Amino acid sequence: MRRKLVAGNWKMNGSAGSIRELLQGILAGASEVSAVELAVFPPFVYLDRVAQQLEGSSIVWGAQNLSEHASGAYTGEVAGPMLNDFGCAYVLVGHSERRTLYGESDQIVARKFAAARKVGLKPVLCVGETLEEREQGITEAVVGRQLQAVLDLEGISSFADAVIAYEPVWAIGTGRTATSAQAQEVHAFIRAQLAAQDPVLASQVRILYGGSVKGSNAGELLAMADIDGGLVGGASLDAKEFLAIAKAGC
Ligand code: PEP
């Protein structure tokens, strides 16, 4: 049985004050959604505050990115071992904004996935097609290629502690959500690609859906057989909305 995970990607939003308030709101309602695992992904600079505020609670936290290197002359980068110092459980790798705005190739993403695992962080591997790719009918080819890059580098066993997030790029921050049937189709495809190498492991890997998830559409999405939770951007900045999404997964 896969426990659902609802993860909030705060992106480059928030301030010390707004984050304190947001976490207070989430903490106040967390016990009502305890069937679901809750995770938040603040900007790096707030990890320390988030760790202090969430310490001892049921909510876990992670980072939005990490360097593929463990240390060294990489100005402006943050390494996996540093994230361990702040108690991160997870780290996002290959978010579409990293792939498109910062030129992260499938190979770089795979190396980041490896760097996370090496220090015991659970990677949340984000995959997804653009609108153009969907319209060309190559969604499965694109998602399959993104997944295969990690399988080639790290092997199927590396997914034992990992999470996958299917995030169609055309649905991220656009208010346009994939239908539950569209999402389920890709989730099933991802699971089948893993199952071709290890059916037992594939049945245990959590695959989240991301792309304009809100309280109002989460129920339908999270009810699908292969959708094991949500990676939530905009709506995760509102405690009530974030908790409503989690409630939909209970
Ligand atoms: C995201 O940033 O991963 C995301 C899915 O954003 P949004 O929920 O705002 O579409």
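What follows is a walk through one helix packing and several charged side chains in this predicted model.

The helix packing brings together helix H1, residues 16–29, and helix H11, residues 239–248, whose axes lie 9 Å apart and meet at an angle of about 35°. H1 passes H11 in a right-handed crossing. On the H1 side the contact is made by Leu22, Gly25, Ile26 and Gly29, while H11 contributes Ala239, Phe242 and Leu243. Sorted by class, this contact of H1 with H11 holds five nonpolar and two polar residues, and no charged ones.

Charged side chains come next, and for these a general point helps: side chains of opposite charge can pair when their charged atoms come close. The count for this model comes to twelve salt bridges. One of them joins Glu37 to Arg206, with the closest N and O atoms 2.8 Å apart. This pair links distant parts of the chain, since Glu37 belongs to strand E2 (residues 37–41) and Arg206 to strand E7 (residues 206–210), 169 residues apart. Glu37 is buried, with a relative accessible area of 12%, and Arg206 is likewise buried, at 14%.

Another salt bridge connects Glu68 with Arg111, where the closest N and O atoms are 2.6 Å apart. Here too the partners come from distant parts of the chain, Glu68 from the loop between strand E3 (60–63) and helix H3 (80–85) and Arg111 from helix H5 (residues 106–118), with 43 residues separating them. Glu68 is partly exposed, its relative accessible area being 26%, and Arg111 is also partly exposed, with a value of 37%.

A further salt bridge pairs Glu129 with Arg134, the closest N and O atoms being 2.7 Å apart, and Glu129 is buried, with a relative accessible area of 0%. In addition, salt bridges that share partners join Arg2, Arg191, Asp226 and Asp228 into one network.

Asp228 leads on to Lys4, which is found in the segment before strand E1 (5–9). Lys4 is buried yet has no salt bridge, and the nearest side chain of opposite charge, that of Asp228, is 5.3 Å away. Because a salt bridge requires a side-chain nitrogen of Lys or Arg within 4 Å of a carboxyl oxygen of Asp or Glu, Lys4 and Asp228, at 5.3 Å, are not counted as such a pair. Leaving aside neighbours within four places in sequence, Lys4 is in contact with Val36, Glu37, Arg206, Leu222, Ile227, Asp228, Gly229 and Gly249. Among these contacts are Glu37 and Arg206, the two partners of the salt bridge between strands E2 and E7.

Notes: Residues are numbered from 1 along each chain as its sequence is written. This is a predicted model: local features need pLDDT of at least 70, side-chain atom pairs count only at pLDDT 80 or more; totals for chains, interfaces and linings use all residues. Side-chain values use heavy atoms; hydrogens and water are left out. Axes are lines fitted to C-alpha atoms, for helices over the stretch in contact, and angles run from 0 to 180 degrees between N-to-C directions. Helices (H or I, at least four residues) and strands (E, at least two) are DSSP runs, numbered from the N terminus. A crossing is left-handed if the near helix is turned anticlockwise from the far one by less than a right angle, and right-handed if clockwise. Contact means heavy atoms within 4.5 Å. Ala, Val, Leu, Ile, Met, Phe, Trp, Tyr, Cys and Pro count as nonpolar, Asp, Glu, Lys and Arg as charged, and the others, Gly among them, as polar. Buried means under 20% relative accessible area, exposed over 50%, partly exposed in between (1.4 Å probe, protein chains only). Lys and Arg count as positive and Asp and Glu as negative; His and the chain ends are not counted.
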